[in-house]
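Q: Could you take me through one part of this model up close? I'd like the sheet, and the loop that sits between two of its strands.

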Amino acid sequence: MKPSIHPNYRPVLFHDTAADAYFLIGSTVETDRTHRHSDGNTYPYVVLDVSSASHPVYTGQQRQTKTEGRIAGFNKRFAGFATTK
């Protein structure tokens with residue numbers, strides 16, 4: 001490998017604030033923040049809004065849309081087009 005062209009690969013602590021979950025993963029992400037992990041070591045720290053711990057696709061808690069309101073809006077919009085014989 002050529003020296004000084006590759007990014008620094010090291011363990012980084014990611015924090016999903018939505019699920020309050022911590023992940024210690026090897027990464028090359030650049031950050032100025034550090035945080036002490038539960039193992040007692042201090043790692044570079046990155047805050048995440050969404051991860052596999054909080055995303056609805058991975059947790060199986062997908063939101064249900066309000067179909068009742070959508071159907072009522074459709075009927076109200078297209079009520080005049082109905083033909084009655």
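A: Sure. Keep in mind that this is a predicted model. The sheet is an open one with 4 strands, ordered 2-1-4-3, and its pairing is mixed. At the edges you'll find strand 2 (21-27) and strand 3 (34-36), each of them paired on one side only. On average, neighbouring strands of this sheet are turned by 45° against each other, if you ignore direction.

Now go to the edge at strand 3. Strand 3 runs antiparallel to strand 4 (residues 42-48), and 3 bridges join the two. If you want a spot to look at there, try Thr34, whose bridge partner in strand 4 is Pro44.

The loop you asked about lies between strand 2 and strand 3, and Val29 is found in it. Is Val29 buried, exposed or partly exposed? Its relative accessible area is 29%, so Val29 counts as partly exposed, since buried would need under 20% and exposed over 50%. Setting aside neighbours within four places in sequence, Val29 is in contact with Arg10, Val12, Phe14 and Val46. Take Arg10 from that list: Arg10 and Val29 are 19 residues apart along the chain, and their C-alpha atoms are separated by 9.0 Å.

While you have the structure open, have a look at the aromatics too. The structure holds 1 aromatic pair. That pair is Phe74 with Phe78, a tilted arrangement with 4.9 Å centre to centre and 45° between the planes. Phe74 is partly exposed at 47% relative accessibility, and Phe78 is also partly exposed, at 38%.

How values were computed:
Residues are numbered from 1 along each chain as its sequence is written. This is a predicted model: local features need pLDDT of at least 70, side-chain atom pairs count only at pLDDT 80 or more; totals for chains, interfaces and linings use all residues. Side-chain values use heavy atoms; hydrogens and water are left out. Rings of Phe, Tyr and Trp (its six-membered ring) pair if their centres lie within 6.5 Å; planes under 30 degrees apart count as stacked, over 60 as edge-to-face and the rest as tilted. Buried means under 20% relative accessible area, exposed over 50%, partly exposed in between (1.4 Å probe, protein chains only). Two strands pair if DSSP finds at least two bridges between them. Axes are lines fitted to C-alpha atoms, for helices over the stretch in contact, and angles run from 0 to 180 degrees between N-to-C directions. Contact means heavy atoms within 4.5 Å.
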